[in-house]
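Thanks for coming. I will take you through one structure today, part by part. Please have the sequence and the picture open while I talk.

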Amino acid sequence: MKNNLDRAKLMVSSAVFSWLLMSLYTVTTAVSVQPTCSFPAIYNFGDSNSDTGGISAAFEPIRDPYGQGFFHRPAGRDSDGRLTIDFIAERLELPYLSAYLNSLGSNFRHGANFATGGSTIRRQNETIFQYGISPFSLDMQIAQFDQFKARSAQLFSQIKSRYDREKLPRQEEFAKALYTFDIGQNDLSVGFRTMSVDQLKATIPDIVSHLASAVRNIYQQGGRTFWVHNTGPFGCLPMRLFYMGTPALGYLDKSGCVKAQNEMAMEFNRKLKETVINLRKELTQAAITYVDVYTAKYEMMSNPKKLGFANPLKVCCGYHEKYDHIWCGNKGKVNNTEIYGGSCPNPAMAVSWDGVHYTEAANKHVADRTLSGLLADPPVPITRACYRH
């Protein structure tokens, strides 16, 4: 009797195990045969972390030695070379994005970039000449997108030249495009400058709600795939340490970053992730990926040697010694001697390009860690981001 019971239990266990194996095989097979997404275009909204020439076209052009590494000339980017958005375009086998504000030599066939250096999510009551805050906040970027979409449809119907048409997007492809967001850092920057910690923390829900409104706007126009970057470790920007003097005990974390500012960035990211989760429930046909660039960037601060970087708090471009600061590409006098804020010999080993922005090498690290899906929620590569999970 006992042997029969044992045999029956073994048969049930084997059946359950076989069912589990078959289920796992079915899921794995479904994922493996799932075709990659075919994004015909990218539309990007953001700040200097993803600006490919907007603020440079609207105001004073970015000068040498910006762009020296990859483009061998200034290319409207706050880096020595490519940004993460450029690596996104490469991964999707699309051209680099032309800035919407750049009227010369632009091609919008495969998307457009509405990001501008200094942009914020919420409108700010100050000019770019005061603190470098762009007038093109996220709501303005969305308004520009609305205008771009309508105007391109009108032009496409009027233009007869095939050559000119090839520079315009196809209306049916807006629904199939990838919509990327990389913005929020400057909202924190303004907050640190103008508010107390408690005041800034209290504004974060409203800030992220403005980003949610931007996603809704595009969704209502047919957009379905969204790739949303969180904000990086603000307290790790070397510029935050330039005028600090000797920090109090506990002011910096173990990586030398301003602890309270990173904690605020993490609070922003928590609220942003909550917002993305709620948007998934609300926008039932949207595939929205939350991308953790914070972790990718902080890895370079906490473990630089393992990743092939030198001191991550040392600025590559510019002259920053004690209390003398000459910004990247500028000239100034130190002890009556003219100094040029040039580039370091090996930007590929630097994390910070100019004290605020990252080098191409650092941007590539962020791209490598996020585009594969390792630091994405859901954990899918960008080439499969069009699928709702």
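I will start with confidence, then go through the sheet, two helices and some ring contacts.

What you see is a predicted model. The average pLDDT of the protein chain is 92, and 92% of the residues score at least 70. Two stretches do worse. Over residues 7-13 the pLDDT stays under 50, and the model has 0 contacts there beyond four places in sequence. Residues 23-31 also stay under 50, with 1 such contact.

Now the sheet. It is open, with 6 strands in the order S2-S1-S3-S4-S5-S10, and the pairing is mixed. Strand S2, residues 111-113, and strand S10, residues 376-377, are at the edges with a single partner strand each, so each has one side without a neighbour in the sheet. How do S5 and S10 pair? They are antiparallel, over 2 bridges, with S5 covering residues 287-291. If you want a place to look, find tyrosine 290, which stands opposite aspartate 377 in S10.

Next, the helices. Helix H5, residues 138-158, lies across S1, S2 and S3, and runs at about 155 degrees to S1. In the loop between H4 and H5 you will find serine 137. Is serine 137 buried or exposed? Its relative accessibility is 3%, so it counts as buried, the cut-off being under 20%. Leaving out residues up to four places away in sequence, serine 137 touches Thr120, Ile121, Arg122 and Arg123.

Helix H3 covers residues 84-91, and 6 of its 8 residues are buried, so the rest of the structure largely encloses it. The buried residues are Thr84, Ile85, Asp86, Phe87, Ile88 and Ala89. Their cover includes strands S1, S3 and S4 and helix H11. Just after H3, glutamate 93 has a positive phi of about 55 degrees.

Last, the rings. The whole structure has 25 aromatic pairs. In one of them, phenylalanine 114 and phenylalanine 148 meet edge-to-face, 5.9 Å centre to centre, with 85 degrees between the planes. This pair links distant parts of the chain, 34 residues apart: phenylalanine 114 is in the loop between S2 and H4, and phenylalanine 148 is in H5. Phenylalanine 114 is buried at 1% relative accessible area, and phenylalanine 148 is buried at 7%. Both belong to a cluster linked by ring pairs, whose members include Tyr43, Phe45 and Phe226.

There are also charges over rings. The charged end of arginine 193 sits over the ring of tyrosine 131, 3.7 Å from its centre. For arginine 77 over tyrosine 96, the distance is 6.0 Å.

Note on methods:
Residues numbered from 1 in each chain as written. Predicted model: local features only at pLDDT ≥ 70, side-chain atom pairs only at ≥ 80, totals over all residues. Heavy atoms only, no water. Pairing = 2+ DSSP bridges. Helix = DSSP H or I, 4+ residues; strand = E, 2+ residues; numbered from the N terminus. Contact = heavy atoms within 4.5 Å. Axes fitted to C-alpha atoms, helices over the stretch in contact; angles between N-to-C directions. Buried < 20%, exposed > 50% of the residue type's maximum accessible area, 1.4 Å probe, protein only. pLDDT = per-residue confidence, 0-100. Phe/Tyr/Trp six-rings, centres within 6.5 Å; stacked < 30°, edge-to-face > 60°. Lys NZ or Arg CZ within 6 Å of the ring centre and 35° of its normal.
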